[in-house]
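Could you walk me through this structure in my viewer, one selection at a time? I would like to know what to click on next and what is there.

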Amino acid sequence: MKKIVSALSMIAVIVLGLSGCTGTTVASVGKAPDYTQKACWLQFPKITKDVDTFYIYSTTYYESSFKKGAPDYASLDNPEMIEGAQGEYVTNASVYEQSTNVFVPYYRQAGMRYAGEIRKKTGNIDAAISGISYDDISAALDYYFKNCNQGRPFIIAGHSQGASMVKYVLKNYFKKHPDYYQRMVAAYVIGFSVTKDDLEKYPYLKFASGESDTGVIISWNTEGPKNVKENAKNAVVLPNAISINPLNRKRDETYAPASRNLGSLMPNINARRYEITDIGADAQVVLSRGVIVTNAKCSHYADPGFFGPQSFHEFDYNFYYNNLRDNVAKRIAAYRSRKK
């Protein structure tokens, strides 16, 4: 799986003309990057829409984080992180392009090794992201809201570690900036658990209950039947997790057949590109585990050491790509109608 992602990440670099943080080397310790420099942003868009998305990418400082002497946090010019983040723009962040201006900052993220160690010690990765990584994201958000947003409504979104960071931002940054929070169309916390405990502790946070409510959190983790049957340990699935079905937008166990899937974005290795296809990605909420189970025709699973024997963590966005893109448009339309 990592080889597939790596190969297609390089395609993204070529096709999109993306580059790293040339001339903006920032160590894995010290002050946050200077986000006035466009090179500190993976994506800094021209403003063509009346809604923005602020996207935070997942753990792409992965394999090299396990090397002897590797730092706990990636430097801003870490090649593995840059390549992975650029590939993730194609598979994940691009889903928001049709409806919004998409901003994506580079940030000094926790490596997979360190995040895993913290998860084992504490039960989540908050202690890994609450320092250096959050300092960077806070600085990027400060710059974005003060200089780029111009009062537009916005979506905040991420995947995996990025989704965990979105949740941390909801709990902390927006608690300090309620004026910004009032303009939030939705928060897509995909690939990391939002729990009942989160909602109880932070009562201003609301979880989505349908396809068009706004100011809410949308979250799910995707697994195969084997993970559910074995109640497998999964680093991104926490106790009392909540998921919403990406196909029927229900939170109960109502089954959504693959016929409701508008198209999955999957890798075509021979053609060296991603393409919309039908892989039979159905969806059903498993309330006892707080995840989405699917029978999708896909044999590429996430690292079993972190995510269990049958996790589709890498494809949380891909499997439901067109449905997610459609849902973004619906929530924006609902937000506009309610603000009239």
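Here is a tour in several stops, made on a predicted model.

**Stop 1: two packed helices**

Start by selecting helix α5, residues 132-147, together with helix α6, residues 161-171. Their axes lie 11 Å apart, and the helices pack at an angle of about 65 degrees. That angle makes α5 roughly perpendicular to α6. Turn the view until one helix lies over the other, and you can follow α5 as it passes α6 in a right-handed crossing.

Now show side chains where the two helices meet. On the α5 side, pick Ser-133, Tyr-134, Ile-137 and Leu-141; their partners in α6 are Gln-161, Met-165, Tyr-168 and Val-169. Colour these residues by type, and the contact divides into 6 nonpolar and 2 polar residues, with no charged ones.

Keep α6 selected for a moment. How many of its residues are buried? The count is 11 of 11, so this helix is mostly covered. The buried set includes Lys-167 and Lys-171 as well as Gly-162, Ala-163 and Leu-170.

**Stop 2: helix α3 and what covers it**

Next, select helix α3, residues 112-122. Its buried residues are Met-112, Arg-113, Tyr-114, Ala-115, Gly-116 and Ile-118. To see part of their cover, add α4 (126-129) and α11 (304-307), which are among the elements lying over them. Then step just past the end of α3 to Gly-123, where the backbone takes a positive phi of about 95 degrees.

**Stop 3: Asn-92**

Move to the loop between α2 (79-91) and β3 (101-105), and pick Asn-92. Is this residue buried or exposed? With a relative accessible area of 3%, Asn-92 is buried. Its side chain makes a polar contact of 2.9 Å with the side chain of Thr-91. Leaving aside residues up to four places away in sequence, Asn-92 touches Tyr-55, His-159, Tyr-317 and Asn-318.

**Stop 4: Gly-191**

His-159 is a handy stepping stone here, since Gly-191 touches His-159 too. Gly-191 sits in the loop between β5 (184-190) and β6 (194-195). Its relative accessible area is 0%, and it is buried. Beyond residues up to four places away in sequence, the neighbours that Gly-191 touches also include Ser-160, Trp-220, Asn-221, Val-236, His-313 and Asp-316. For a distance across the model, pick the C-alpha atoms of Gly-191 and Phe-44: they are separated by 24 Å, with the two positions 147 residues apart along the chain.

**Stop 5: Thr-222**

Stay with Asp-316 and select Thr-222, which belongs to strand β8 (residues 222-223). Which residue does the side chain of Thr-222 join through a polar contact of 2.7 Å? The partner is Asp-316, again through its side chain. Thr-222 counts as buried at 2% relative accessibility. Show its surroundings and, apart from residues up to four places away in sequence, you will find it touching Ile-292, Thr-294, Ser-311, Phe-312, His-313, Asp-316, Phe-319 and Tyr-320.

**Stop 6: Ser-264**

From Phe-319, go on to Ser-264 in strand β10 (residues 264-268). A polar atom of the Ser-264 side chain lies 2.6 Å from the backbone oxygen of Phe-319. At 1% relative accessibility, Ser-264 counts as buried. Besides Phe-319, the residues that Ser-264 touches include Glu-275, Ile-276, Thr-277, Ile-279, Ala-281 and Asn-318, with residues up to four places away in sequence not counted. Asn-322 makes a good last selection here: it is 58 residues from Ser-264 in sequence, yet their C-alpha atoms are 6.6 Å apart in space.

**Stop 7: two loop residues with positive phi**

Finish with the backbone. Follow β10 into the loop that leads to β11 (273-277), and select Arg-272. Arg-272 is not a glycine, yet it has a positive phi of about 55 degrees. Its relative accessibility is 47%, which counts as partly exposed.

Then jump to Asn-240, in the loop between α10 (225-230) and β9 (241-242). Asn-240 is not a glycine either, and its phi is positive at about 65 degrees. At 40% relative accessibility, Asn-240 counts as partly exposed.

Methods
Residues numbered from 1 in each chain as written. Predicted model: local features only at pLDDT ≥ 70, side-chain atom pairs only at ≥ 80, totals over all residues. Heavy atoms only, no water. Axes fitted to C-alpha atoms, helices over the stretch in contact; angles between N-to-C directions. Helix = DSSP H or I, 4+ residues; strand = E, 2+ residues; numbered from the N terminus. Parallel < 35°, antiparallel > 145°, perpendicular 65-115°, else oblique. Left-handed = near helix turned anticlockwise from the far one by under 90°. Contact = heavy atoms within 4.5 Å. Nonpolar A, V, L, I, M, F, W, Y, C, P; charged D, E, K, R; others polar. Buried < 20%, exposed > 50% of the residue type's maximum accessible area, 1.4 Å probe, protein only. Polar contact = N/O pair within 3.5 Å; in protein donor to acceptor, adjacent residues only side chain to side chain.
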